[in-house]
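Biologist: Could you take me slowly through one part of this model, the place where two helices pack together, and then show me what else can be read from the rest of the chain? I am in my first year, so please connect each step to the one before.

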Amino acid sequence: MRKIFLSGLLFAVILGSGYFFAQNFFSPKVAEAESGLVKYNGKIQHIFVHSLIIYPEKAQSDTDNATGYRDNMITVKQFETIIQELYDNNFILINSQSLYSFNANGKIKQNTLYLPKGKRPLILSLDDLSYYPYMKNGGFANKLVLDNGIVKTEVITPEGKKTITNDGDAVPIVDEFVKEHPDFSQDGAKGIIALTGFQGILGYRTQLKNAQGDVERASVLPVVDALKKTGWIFASHSFTHNQVFLRETISTAELAKDISKWKAQVESLVGPTNIFVGPFGEVFKEGDSRRQQLIDAGFNVFYGVGLDGYFKFFSDHFVMNRIDIDGYRLTHNPKTLFRMFGISMK
Ligand SMILES: [Zn+2]
């Protein structure tokens, strides 16, 4: 990010232009003629999922959490069906960072999007990819691991056997799908991985202060690196995901502490990011000093939650709502999901 920005500055100076367009610094006509891409003016969709349920019967039998799993998650089977439907309906995964450019003064500008003819842009994000300890008996994967350099899922079967699979969560499923259908992704883009830090990341207990913490932190780095090389980008999902975000009562001091913990314990592993994926969809209202606090800390792209299609560029930041693809939406808004995405779940 920082590197791109710096080289962008150089280009901007050389070209004498205020903005550097990482994707489209050549003229639009050249872009269309030489690349076969066309200017896209329609709606840009953004969906997100949580970790996928591999064993639904385990999720249902985990009585403490079964309701949460039912409302907030979907199964591997459902996700595989949805991905196929999105592809069949001409969606293409795009890099969310191609939507905007920042100039040297931190002013943001919306970029023109160029897509293969007939394609509809889709941003995918994955929230809470931590494999929280409470999910241990819920029928989810255990962690993301590398298998011959490829990111896969470590899964404990109901019989207690540890296996490595390529369909235990969204990351390997999307990777595999794009491998089979390269036209489902623009330039290899996959999605945004939104991480908290209070229970570590990606199934590694990187928050631990002891020697085990050192092992976990060292072990996750190659996985992070492999994800970055395969089209995934990282975002902050707050460090704590505390209920004070949901209630919107978080104080300036608490937010400052949350930000500094995320930077110390998560940014130190995944690298800097300007993306803040609001916990519980909380991105604070326009003019709220806490949004400004996040901007001052380097987060100037905000993703909330909502069916309303909220998409707004401010002078120095950008806010977009995302649609949760989960049990709640599939049950309560099937017609909306069909109309917007062709998701029918038949
Ligand atoms: Zn979350």
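Modeller: This is a predicted model, and in it helix α9, which covers residues 252–270, packs with helix α10, residues 289–296, at an angle of about 25°, the two axes being 11 Å apart. Because angles under 35 degrees count as roughly parallel, α9 is described as roughly parallel to α10. The crossing of the two helices, α9 and α10, is right-handed. On the side of α9 the contact is made by T252, L255 and A256, while α10 contributes S289, R290 and Q293. Sorted by class, the residues in this contact of α9 with α10 are two nonpolar, three polar and one charged.

Helix α9 also has a part in the interior, for it supplies six residues to the largest nonpolar core, which is the largest share of that core. The core itself has 81 residues, and those that touch the most other members are L52, L122, I193 and F276. To see what such a residue meets, take I193: leaving aside its neighbours within four places in sequence, I193 is in contact with L126, L129 and L227, and also with W232, F234 and A235.

From the core we can turn to two loops, where the backbone itself deserves a careful look. N90 lies in the loop between α5 (76–88) and β3 (91–93), and although N90 is not a glycine, it has a positive phi of about 70°. N90 has 16 C-beta neighbours inside 10 Å and therefore counts as partly exposed, since that label is for residues between the exposed limit of 12 or fewer and the buried limit of 20 or more. N148 is likewise not a glycine and has a positive phi, in its case of about 55°, and its place is in the loop between β8 (143–147) and β9 (150–156). Here, however, 5 other C-beta atoms lie within 10 Å, so N148 is exposed.

A last residue takes us back to a helix, namely E176, which is found in α6 (residues 170–180). E176 counts as partly exposed because it has 16 C-beta neighbours inside 10 Å. Along the sequence E176 and N166 are 10 residues apart, and in space their C-alpha atoms are 7.7 Å apart.

Key:
Residues are numbered from 1 along each chain as its sequence is written. This is a predicted model: local features need pLDDT of at least 70, side-chain atom pairs count only at pLDDT 80 or more; totals for chains, interfaces and linings use all residues. Axes are lines fitted to C-alpha atoms, for helices over the stretch in contact, and angles run from 0 to 180 degrees between N-to-C directions. Helices (H or I, at least four residues) and strands (E, at least two) are DSSP runs, numbered from the N terminus. Angles under 35 degrees count as roughly parallel, over 145 as roughly antiparallel, 65 to 115 as roughly perpendicular and the rest as oblique. A crossing is left-handed if the near helix is turned anticlockwise from the far one by less than a right angle, and right-handed if clockwise. Two residues are in contact if their C-beta atoms, placed from the backbone, lie within 7 Å. Ala, Val, Leu, Ile, Met, Phe, Trp, Tyr, Cys and Pro count as nonpolar, Asp, Glu, Lys and Arg as charged, and the others, Gly among them, as polar. A nonpolar core is a set of buried Ala, Val, Leu, Ile, Met, Phe, Trp, Tyr and Cys residues joined through C-beta atoms within 7 Å.
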